[in-house]
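Thanks for coming. I will go through one structure this morning, starting with a pocket and then moving to a few residues and strands. Please have a look at the screen.

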Amino acid sequence: MKTSLFNYTLIALCCLLCSCHTSRKEAWKLVWEDSFTREGFIDTATWSKIPRGLSDWNNYMSPFDSCYAVKNGNLILYGIKNNTQTQDTAPYLTGGVYTKGKKTFTEGKIEIRAKLGSATGAWPAIWMLPENAQWPTGGEIDIMEHLNFDTIVYQTVHSHYTYTLGIKNNPASGATAPINPNDYNIYGVELYPDSLVFSVNRQRIFAYPRIETDQPGQYPYDKPFYLLIDMQLGGNWVGKVNPEELPVKMEIDWVRFYQKQ
């Protein structure tokens, strides 16, 4: 009986030690961050202003100074009515930044702490695109999208598999999570060679795994991606803008990237 009890105690102790070792081994280590502490300064070694394009999300993007601010330890991106830029015929102007061509992310965890402004037609987003691949073949990782005055955010993946082939439920390609849009929330994704794990306020929301399939393009997320953060206005998904509710803004407290120790 004494020998048996000793053996059980020894096994339990070994399990505890192994657990502690695994926990230390799997801990996240902060390897890069931007906390926007330099008043009026966007770090151009990391960030560029997103140029205008032809898609719903970028057709009002502008380098106009009134769309950007760095103050009180926040990067602030605005969506505004275009009342002053007479050489620009767009009715609205929006601010957005990305790390394209400057900084990419592969295996690790990226988190962004942000507060989202709400308005009819407002569509702030935090997302990722591949550095060297076309859409949708290269994939898209939507860490956070918010519409209008919703109390939820969307977290989604897009690819040839989900978009072109339309396979969105094998596995599930997105989920929603509740937030308080009037407060800061932390939006995150863990990037692995075989899965993406999404979180809000450090609570797991859903995972998108690599699976065995005879269909092409199911998991293109194992290569370098860059980060985009932008205030968007209008479009087929979010709907029409109410100009009386502008300006609208999103405030980014910090961006952090971790890797396993």
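What volume does the largest pocket have? About 700 Å³. Before going further, note that this is a predicted model, and every value I quote is computed from it.

The lining of this largest pocket is made up of 30 residues. Those lying nearest the pocket centre are W57, W127, L129, W135 and E140. Sorted by class, the lining has 15 nonpolar residues, nine polar ones and six charged ones.

Which strands each supply at least two residues of that lining? They are strand 8, residues 125–130, strand 9, residues 140–145, and strand 15, residues 225–230. The largest share is that of strand 8, with four residues.

Next, T156. You will find T156 in strand 10, which covers residues 152–158. Is T156 buried or exposed? Its relative accessibility is 16%, and the cut-off for buried is under 20%, so T156 counts as buried. Leaving aside residues up to four places away in sequence, T156 touches E140, I141, D142, E145, S173, G174 and F198. E140 in that contact list is also one of the residues nearest the centre of the largest pocket.

Now to strand 4, residues 74–81. Why can we call strand 4 largely enclosed by the rest of the structure? Because seven of its eight residues are buried.

As for its pairing, let me take the partners one by one. With strand 3, residues 68–71, strand 4 pairs in the antiparallel sense over four bridges. V70 has L75 of strand 4 as its bridge partner. Strands 3 and 4 form a hairpin, with two residues between them. In the turn, N72 has a positive phi of about 55°.

Strand 16, residues 248–260, is another antiparallel partner of strand 4, over five bridges. There Y78 stands opposite K249 of strand 16. Strand 5, residues 92–94, also pairs with strand 4 in the antiparallel sense, over three bridges. In that case G79 has T94 of strand 5 as its bridge partner.

Staying with strand 4, one residue to pick out is I80. I80 has a relative accessible area of 11% and is therefore buried. Beyond residues up to four places away in sequence, I80 touches F64, S66, C67, P91, Y92, L93, L233, L246 and P247. Among these contacts is Y92, and strand 5 spans 92–94. I80 and Y60 are 20 residues apart along the chain, and their C-alpha atoms are separated by 9.7 Å.

The last residue is F36. Where is F36 placed? In the loop between strand 1, residues 28–34, and strand 2, residues 48–49. F36 has 4% relative accessibility, so F36 counts as buried. Not counting residues up to four places away in sequence, F36 touches W47, V70, G73, N74, L75, I252, D253, W254 and V255. V70 and L75 are both in that list, and they are the bridge partners I mentioned for strands 3 and 4. The contacts I252, D253, W254 and V255 fall in strand 16, residues 248–260. F36 and I76 are 40 residues apart along the chain, with a C-alpha separation of 9.8 Å.

That is what I have. I can put the pocket or strand 4 back on the screen for discussion.

Note on methods. Residues numbered from 1 in each chain as written. Predicted model: local features only at pLDDT ≥ 70, side-chain atom pairs only at ≥ 80, totals over all residues. Heavy atoms only, no water. 1 Å grid on protein atoms, 1.4 Å probe; cavity = no way out; pocket = protein on both sides within 12 Å on 5 of 7 lines; lining within 4 Å. Points joined across faces, edges and corners; volume = space filled by probe spheres on them. Nonpolar A, V, L, I, M, F, W, Y, C, P; charged D, E, K, R; others polar. Buried < 20%, exposed > 50% of the residue type's maximum accessible area, 1.4 Å probe, protein only. Contact = heavy atoms within 4.5 Å. Pairing = 2+ DSSP bridges.
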